[in-house]
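Q: Please take a close look at a single position in this model, starting with how open its surroundings are. Then set that position in the context of everything around it, in one connected account.

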Amino acid sequence: MKLKNSFLIALILSILSLTGWEMYWRSKGKVPTVQDDNAIWATTRAKVNNLTNEDFVFTGSSRVHFDLQLDQWEAYTGKRPIQLAMGGASPLPIFRDVVRNTNFTGTIVVGVTPPLFFSTTFPQAPPISGPQEKVDYYKDRTYAQRFNHWLSMPLQHNFVFVHSYEDMIAGNFDLRSLLETITIGNRTGNPKIPPFYEFGEFSEERNVRMLERMTKDPDFAKTVIDIWMFCLKGNAGMPPPDKESTMAFFMEDAEIFKKRGGKIILLRAPSSNEFRAIEAKITPRTNFWDELVISSELPAYHFEDYKQLQGLNLPEWSHLSAEAADFYTLEILKILENDGILTNQKIN
Amino acid sequence: MLFNSLGFVVFLVVILAVYYSPLLNWSGKKIMLLLASYVFYGLWNPPLIALLWISTMVDWTAGNKLAKEERPGIRKFWLLLSMFVNLGFLAFFKYGDFLLENFVVLANSVGWDFQAKPMDIILPMGISFYTFQTMSYTIDIYKRKIEPAQTFLDFALYVTFFPQLVAGPIVRAKDLITQFYEEKKATMQQFIWGLFLLTLGLFQKVVLADTLLSHTSDTVFGAKEVLNFWDAWTGTLAFSGQIFFDFAGYSTCAIGIALMLGIILPDNFKYPYASIGFSDLWKRWHISLSSWLKDYLYIPLGGNRHGITRMYVALALTMLLGGLWHGAAWTFVIWGALHGTYLIAERILRSRIPIKINAWNGILFAFLTYTLINFTWVFFRAREFVTAKNMILSMLFLNGDGTKVLDTFSILKVGILTCLLFLCHWLMRNTSVREVSKRIPSWLLGIVWAAMFFLIAISQGNGEQFIYFQF
C-alpha cells in the first residue's frame, strides 16, 4: 500500500476541489460574510460587563438591528453601542439578562415590534426561545467555544465556503442547505414556506446593513415580502398577543433597571404597506404601544409621531435600506438630544 | 474540546509539532501529553479537572497498596475505596437527580408527601468512560493480573490520554500503560494512516451523522403527534445510523489521533449492523464497553459457571446495568432489558434449534438482527415512554392514521443511506478498512480521501457535540 501516494493525491484533490468550490460561489456573487450566530452574539454580550453609565445597549428584534447603525450612533454620541437585537425575537429575555445579570447602568434601547414584543412569555414559543437560546449560550459557553469562534473569524472574513447551515435561510451552499433545496411533492401537506434569503450584511460587532440589492432588485425584495406575509398570515406558529403577561414581564425588569440608575428608551421603528396594516390589526397602537408607554412612563418614540421619519425607504416593508437606516439613526439621535435623553460627554 | 472543531485542529497541530520536535525527551513528551490532555478537558469546564485528579490519585494509591499488600482484608479495603470513589462520582454526578426523582416518586407512592428540588448537577464529560478505565486498573491489580504502572506519570497519562478520554475506547491498563514505558514514534505509514482514520471518523460524524441523518431523527423524535408508519421507521433508521456514525466516528478519530502519536488503541466497532444475532452484536458494537462489562460484571456475577438460570440472571443484570450506564433514565434501562432479553432468547433458541449459518441465510439473520436492534434504539432515543410507545406502535402498523412529518426526500435519503450502511457492514463484516485499502489502488484511496475531506469542509456546521459525551 502506497499511503504516501494516496495522501499526496488526496491533498492535491482537496485543495483543487475546495478552490474550485470557493471560486464557483464567488462567481455566483457570493462574498465572505460574518455569520450572526450564537458565538458572535455571546462575544458581543460579554462586552456589556465592561460598559460605563454613558454607554448604550440595543435590544429588540431585527428592526433595531437593521435600523440603528452603530457608526452613525458612535459618530454622534462618541460611544459605540452594543447591538444585542436579533431577528424574529421578543426583546424580553435579552433585556432581562442585561438587567439581572450585569451591573450596567447606562441606556438600553428597547425595540418594540408590537407583534413580537407583546407575543408571549411562554419559554418554548419562538419569539422567546430564540433569544433565550442566545442568553443560555452566553452563560454556558465553554473556553473551547470561545477559542473556536476566535479562530473562525479570519476564515469567515476571507472565505465564502466556510459559511455554515442556518435554519430557515435559503440560498446557502453548505451540504445540508443544498440538500434541503431538493423537494419531491408535498407529502406533509403543510403550506410551502417561501424561500427566505439573507438580505443584510453583518459585521463582527453585529451591525447589520441591508444589502444594496434590496433597493435595486424589486424581485429580490419581493422574496422577503413574501416570507413576511406568509408569517403574518398565521403560518409562523406565532401565539396570539398576550399583552398583560408581556407587559408585566417587562415592567418588572424595567423597575429594577430604573432603580439602579439605568435609562430605558422605547423605540417603535418604521414599517409600511400591508405589513404595517397587519401589525395595526393584530396589535393596534392605542391598545398596545400607547398602553405600554403610559404604564411604563418611559421615554418612547414611535415613528408615526415624527414628520421626518415618514416615507423612509423600506424595500420589504419592515426594515430600512442602508442609507435610510443612517438617516433614521441620526434623526432619532437628534430627537433624543432635543428631549434631553442623551447626556454623555460628547453631546455635552 | 471537540474533534470536529477548528480549535482541535490547531491543538493537534501544536501537539504533533512539539511531540516530534527534538526539544523534549520521552518523559518530557509524556508530561506535555498529560498537560495537553488537561487542557483538552479543561477547555470545556476547568473545575471538573479536579475529578480527574481525584480519580487518578485514588487509583494510583490503591494500585500501589494492592500490589504490595498481602493481607486480604486490607487489600479488600483498598479495592472498595477505589470502587467507592469512582462509583460514588458516577452515582452523584450522573445519577444524583435520577435517584432523587425516583425517591420522591417512591415516597409519594407510600403516602409520604415529600418534594425535592432537582439538584441540577452538571454531568462531567466522559465520566462514565474514565471511571470505568481507572476501576479496571485497580481491579486487575487486585486480581494480580497486572503490575502497577511504573511511574505516576504513566498512570496519570493512562487516565487522561486525550484521544480517548471523553468517549473511549475504554482501554485496559495492560494495553495502554505499557505503551508509555518506551518512546513511541509513529512510522510514516502509521502517521498517514492515522490521518486517514481521523478524516474517516470526521466524515462519519460531520457528514453522515450530523448533516445527513440527525435532522430527520430529531424531527421524528421531537414530534408531539402519533406518527405515520413510514415516518416512525425513517426516524428510527435515521437515529440508528446517526448513533453508529457518531460514536464509531469518535472512536475512529481517537484511534487515528493516537496512531499519529505512535500509540495503538483497540478497535471499538466491527461493522455491528451486519451482526448475526445479539451475541455477535456485542462483539462488534462498543467492544471496549461490552468486554469491560463481561470481565468486571458478568463473570463476577457468575457468568456461565453456575448453571443456566444463574447465567441468565447474570446476563440480564449485566445488560440492565449496561443500559443504565448509558444514561440516568428508565428508557435506557428498558433498552438494556431488551438487549438482555434478546441475548437470552438467542441462547435458548440456539440450544434448541441448531442452524448452520452460511452466506445466504446469514444476510437474512443479519437483517433480522438489525431490525430488532432498531426497536431498541427507539427507547434509547425517546425522552419519554409515551414517545417510545407511540413510535413502536406506528412501526408495527398499529397506529392507523399517523401524522406525516417528513418530506419524501428525507425518507428516500434515509432509506438509501440505511441500505448502503447495511450492505457495507455485510460486505465488510469479515475484513477491515485497512485490509480493503491495501487491495485498492493508491489513487483510488486518494480520491476517496479527498472526497471525504471535501464533504467535511462543505458541511462543517457548528461543531455538534458527540452523542456519547453525555454518557
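A: Glu297(A) counts as exposed because 9 C-beta neighbours lie inside 10 Å; by the rule used here, a residue is buried if 20 or more other C-beta atoms lie within 10 Å of its own, exposed if 12 or fewer, and partly exposed in between, with C-beta atoms placed from the backbone. The model is a predicted one, in which local features need pLDDT of at least 70 and side-chain atom pairs count only at pLDDT 80 or more, while totals for chains, interfaces and linings use all residues. Residues are numbered from 1 along each chain as its sequence is written, and chains are lettered from A and ligands numbered from 1 in the order in which they are written.

The backbone at Glu297(A) deserves attention too, since its phi is near 55 degrees, a positive value in a residue other than glycine. Glu297(A) sits in the loop that runs between α14 (289-296) and β7 (300-302) of chain A, where helices (H or I, at least four residues) and strands (E, at least two) are DSSP runs numbered from the N terminus.

A useful counterpart is Tyr271(B), which also has a positive phi, of about 50 degrees, although it is not a glycine. Tyr271(B) belongs to the loop between α10 (229-260) and α11 (278-281) of chain B, but Tyr271(B) is buried, because 23 other C-beta atoms lie within 10 Å.

Turning to the chain that carries Glu297(A), chain A contains 15 helices and seven strands. Of its 348 residues, 38% count as buried. Its C-alpha atoms fill a box of roughly 75 × 45 × 35 Å along the principal axes, and its radius of gyration (taken over C-alpha atoms) is 22 Å, which agrees with the value near 20 Å for a compact globule of 348 residues; the globule rule is 2.2 Å times the number of residues to the power 0.38. Contacts here are pairs of residues whose C-beta atoms, placed from the backbone, lie within 7 Å, and of those in chain A with a separation of 6 or more, 80% are accounted for by residues 24 or more positions apart.

As for confidence, the mean pLDDT of chain A is 91, and 96% of its residues reach 70 or more; pLDDT is the predictor's confidence in each residue, from 0 to 100. Within chain A the confidence is lowest in helix α11 (residues 218-235), at a mean of 86, and highest in strand β2 (residues 82-83), at 97.

Elsewhere in chain A, helix α5 (residues 92-101) packs against helix α7 (residues 126-140) at an angle of about 30 degrees, with their axes 7 Å apart. The axes are lines fitted to C-alpha atoms, for helices over the stretch in contact, and angles run from 0 to 180 degrees between N-to-C directions. In this pairing Leu92(A), Pro93(A), Ile94(A) and Asp97(A) of α5(A) meet Ile128(A), Pro131(A), Gln132(A) and Val135(A) of α7(A). The residues of this contact divide into six nonpolar, one polar and one charged, where Ala, Val, Leu, Ile, Met, Phe, Trp, Tyr, Cys and Pro count as nonpolar, Asp, Glu, Lys and Arg as charged, and the others, Gly among them, as polar.

Between the chains, 34 residues of chain A are in contact with 39 residues of chain B. On the side of chain A that touches chain B, the elements giving two or more residues are α1 (3-27), α8 (143-158) and α9 (175-180) of chain A, and α1(A) gives the most, with 12 residues. By class, this side of chain A has 17 nonpolar, 11 polar and six charged residues.

The partner, chain B, has 19 helices and zero strands, and 47% of its 471 residues count as buried. Its radius of gyration of 23 Å agrees with the value near 23 Å for a compact globule of 471 residues. The domain assignment of chain B gives domain 1 (21-178) and domain 2 (190-470), with bounds that come from an automatic or database domain assignment. The C-alpha centres of these two domains of chain B lie 26 Å apart, and their contact takes 20 residues from domain 1 and 19 residues from domain 2.

Notes. Two residues are in contact if their C-beta atoms, placed from the backbone, lie within 7 Å.
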